[in-house]
Structure formats: structure tokens, C-alpha cells
Amino acid sequence: TDLKNLVVSKTILHPMQETTGHKHDGQEEVYQFVSGHGVMDVGDNRGFRVHPGDVVLIPDGAFHRVYNRSNYEQLIFVCVFDGKRYH
């Protein structure tokens, strides 16, 4: 099935990796954590733990970054966002 506006993507962070911190003006985003354990920054809420099953809502324009601090396990999460954004 093709969606017209939403994008769904999966990210696999290997041990001791992190995403590039970024923000999307005019865009909201949702992360759902599938496996592994990590730490996340969203806006002023910095360094909170994330676990399998957690859903994190990222407000319009909020800076966000995910860290995998594990030495041995992958951190896997799914992102959902509006595909009309440009970055």
C-alpha cells in the first residue's frame, strides 16, 4: 500500500551509536521503540530512558536525538512523519 503523506521508517542503532540531532520546523514526528534500551533528548527534556514499547511524540520544531549507550545490543525504533517535509 502506498501512502500519500506519511512516511514510516525503521532505524537500527548499533552499540554505542547515536542519531544526528536535528529538528523539523512545521513537522511533528512519532518514534516507537521496538527493541533495545537507549536514551533520548526531545526539546528541553534531555537524557530520558527509552525501552521496547515506548512511544515518544516529537512536537513541531523540537530538537531530538537518540543514543544507544549499550556495548552489546542494537536499539531499534520506528519513525512516522509527514513525507512532505524537506531536509
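**Figure 1. Lys23 in the loop between β1 and β2.** With a relative accessibility of 48%, Lys23 counts as partly exposed in this predicted model, because that class covers values from 20% to 50%. The residue is placed in the loop that runs between β1 and β2. Setting aside neighbours up to four places away in sequence, the contacts of Lys23 are with Gly61, Ala62, Phe63 and His64. For one of these partners, His64, the separation along the sequence is 41 residues, while the C-alpha atoms of Lys23 and His64 lie 6.3 Å apart in space.

**Figure 2. Gly43 and its contacts with Ala62 and Phe63.** Gly43 belongs to the loop between β3 and β4, the latter strand comprising residues 45-50. When residues within four places in sequence are left out, Gly43 touches Ala62 and Phe63. The C-alpha atoms of Gly43 and Phe63 are 5.0 Å apart, although 20 residues separate the two along the chain. Ala62 and Phe63 are also among the residues contacted by Lys23, and this view can therefore be read together with the preceding one, given that contact means heavy atoms within 4.5 Å.

**Figure 3. Met16 and Gln17 in the loop between β1 and β2.** Met16 lies in the loop that follows β1 (6-13) and precedes β2, and Gln17 is found in the loop between β1 and β2 as well. Most residues other than glycine have a negative phi. Met16, which is not a glycine, nevertheless has a positive phi of about 65 degrees. Is Met16 buried or exposed? Its relative accessibility is 52%, so Met16 counts as exposed, the cut-off for that class being over 50%. Gln17, at 36% relative accessibility, counts as partly exposed. Beyond its neighbours within four places in sequence, Gln17 is in contact with Ile12, Tyr67 and Asn68. Between Gln17 and Val55, by comparison, the C-alpha separation is 20 Å, with their positions 38 residues apart in sequence.

**Figure 4. Gly36 in the loop between β2 and β3.** Gly36 occupies a place in the loop between β2 and β3, and at 6% relative accessibility this glycine counts as buried, because the cut-off for burial is under 20%. Leaving out neighbours within four places in sequence, the residues in contact with Gly36 are Val50, His51 and Pro52, together with Glu73, Gln74 and Leu75. Thr11 stands 25 residues from Gly36 in sequence, and the C-alpha atoms of Gly36 and Thr11 are 12 Å apart in space.

**Figure 5. The largest nonpolar core and the surroundings of Val66.** In soluble globular proteins, nonpolar side chains tend to be buried together. In this model, the largest nonpolar core has 14 residues, and those with the most contacts inside it are Tyr31, Phe33, Met40, Val56, Ile58, Val66 and Phe77. Two or more residues each are given to this core by β2 (29-35), β3 (38-42), β5 (55-58) and β7 (75-82). The largest share, amounting to four residues, comes from β7. For Val66, apart from neighbours within four places in sequence, the contacts are with Leu13, Glu18, Thr19, Tyr31, Phe33, Val39, Met40, Leu75 and Phe77. Leu75, listed here as a partner of Val66, is also one of the residues in contact with Gly36.

**Figure 6. The whole chain as context for the close-up views.** The protein chain contains seven strands and zero helices, arranged along the sequence as β-β-β-β-β-β-β. Its radius of gyration is 13 Å, close to the 12 Å that the globule rule gives for 87 residues, so the chain is as compact as a globular protein of that length. The C-alpha trace spans about 40 × 35 × 20 Å along its principal axes. Of the 87 residues, 34% count as buried, and the accessible surface comes to about 5,600 Å², with 50% of this area belonging to carbon and sulfur atoms. Among contacts with a separation of 6 or more, 70% join residues 24 or more positions apart. The chain carries 9 positive and 11 negative charges, and the mean positions of these two groups are 3 Å apart.

How values were computed:
Residues are numbered from 1 along each chain as its sequence is written. This is a predicted model: local features need pLDDT of at least 70, side-chain atom pairs count only at pLDDT 80 or more; totals for chains, interfaces and linings use all residues. Side-chain values use heavy atoms; hydrogens and water are left out. The radius of gyration is taken over C-alpha atoms; the globule rule is 2.2 Å times the number of residues to the power 0.38. Buried means under 20% relative accessible area, exposed over 50%, partly exposed in between (1.4 Å probe, protein chains only). Accessible areas come from the Shrake-Rupley method with a 1.4 Å probe; for residues, only the protein chains shown count as cover. Lys and Arg count as positive and Asp and Glu as negative; His and the chain ends are not counted. The place of a charge is taken as NZ of Lys, CZ of Arg, CG of Asp or CD of Glu. A nonpolar core is a set of buried Ala, Val, Leu, Ile, Met, Phe, Trp, Tyr and Cys residues joined through side-chain atoms within 4.5 Å.
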